[in-house]
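Here are a few short exercises to work through with the model open beside you. Take each task on your own before reading its solution.

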Amino acid sequence: LVLERELREALRDGLFELHYQPLVDLSDDRIKGMEALVRWRHPERGLVSPALFIPLAEETGLIVPLGAWVLAQACRDAAGWPGGISVAVNVSPIQLRHRGFAQGVLAALAGSGLPATRLELEITESVLLDDTEANLETLHTLRRLGVRISMDDFGTGYSSISYLRRFPFDKIKIDRSFVRDCAASPDAGAIIRAIVSLGESLGITTLVEGVETEPQLAAVRAEGAREVQGFLFSPPRPADEIAALLAAQD
Ligand code: G
Ligand code: G
Ligand code: MN
Ligand code: NA
């Protein structure tokens, strides 16, 4: 396949780059972390979205070396940010399942000097759907070392809530489909409030994704969420712009 070869060559030639989107703490409205989102700088097609190449990278297994690069680069970037700012990295189920994943995370931390406590791994419930025991063990190992684990896109799957019993997540990221209507619809707001309350009783932080407007922010704040992320604050931006943004916050 042409695209597969192109992906492989792009990895070899250093054509992937990381953009970052701020995670904002609602207790003081300050940026407390960044989510790393990979892009492919294609010579003809411009900046290609991961939605277009991550599925192929997963099918071909290229997600393993690509994911390792993402982890290493995100840790290197974050090590240069002002103290306390963490970095969140999306982890594909295939990557997590791969033997040596935990070693790769440790190597990325050691190579960058980033403390484990400043790294968050974002996984979706599909990670717990298959190969449960091995995946759980890997996650437990990393968590014991101080790495934090977030459940991404919470509420979009079939059994998100039951997974909260199977693994001690540090954070729930409530999918952006819930915020879309919450300023206008009491039901959407009530669901966010219920998830926040569930999180509080389990000792899990809650973040609402996809906040785009001030009324949405006000609604999410009223429901008690701890953190937010979305275009209202910033779209994902290149690493150099993010470094400047963080410097300006201090
Ligand atoms: O940034 P954007 O909204 O275009 O991302 C689209 C999708 O790609 C999101 O679901 C996001 O989680 C995923 N994604 C972005 N970067 C990475 C990455 O480094 N690894 C994996 N596995 N998924 C990613
Ligand atoms: O699946 P995951 O949550 O990792 O996906 C992150 C994706 O969500 C990124 O591709 C990012 O561009 C997108 N995103 C971030 N903030 C917003 C937002 O406020 N609105 C919408 N529609 N998408 C967003
Ligand atoms: Mn994510
Ligand atoms: Na998400």
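**Exercise 1.** Find which helices and strands each supply at least two residues of the shell around ligand 1, and sort the shell by residue class.

*Solution.* Keep in mind that this is a predicted model. Start with the elements: strand E2 (30-42), helix H2 (50-60) and helix H3 (63-79) each give at least two residues to the shell around ligand 1. Next, look for the main contributor: H2 provides the largest share, three residues. Now pick out individual residues around ligand 1, among them Leu-37, Val-38, Pro-50, Ala-51, Ile-54 and Val-70. Ser-49, Gly-67, Asn-90 and Ser-92 also belong to the residues around ligand 1, as does Pro-236. Finally, sort by class: seven residues of this shell are nonpolar, four are polar and none is charged.

**Exercise 2.** Work out how many residues surround ligand 2 and how they divide by class.

*Solution.* First, count the residues: ligand 2 has 13 around it. Then find the closest, which are Gly-210, Glu-212, Gly-230, Phe-231 and Pro-236. Last, divide the shell around ligand 2: five residues are charged, four nonpolar and four polar.

**Exercise 3.** Place strand E5 among its pairing partners. Is the strand mostly covered or exposed?

*Solution.* Begin with E4 (residues 86-90), which runs parallel to E5 and is joined to it by four bridges. Within this pair, Val-89 has Leu-121 of E5 as its bridge partner. Move on to E6 (residues 148-154), which also pairs with E5 in the parallel sense, over four bridges. Here Ile-123 is partnered by Met-151 in E6. To finish, check burial: E5 (residues 119-123) is mostly covered, with four of its five residues buried.

Conventions. Residues are numbered from 1 along each chain as its sequence is written. Chains are lettered from A and ligands numbered from 1 in the order in which they are written. This is a predicted model: local features need pLDDT of at least 70, side-chain atom pairs count only at pLDDT 80 or more; totals for chains, interfaces and linings use all residues. A residue is near a molecule or strand if its C-beta atom, placed from the backbone, lies within 6 Å of it. Ala, Val, Leu, Ile, Met, Phe, Trp, Tyr, Cys and Pro count as nonpolar, Asp, Glu, Lys and Arg as charged, and the others, Gly among them, as polar. A residue is buried if 20 or more other C-beta atoms lie within 10 Å of its own, exposed if 12 or fewer, and partly exposed in between; C-beta atoms are placed from the backbone. Two strands pair if DSSP finds at least two bridges between them.
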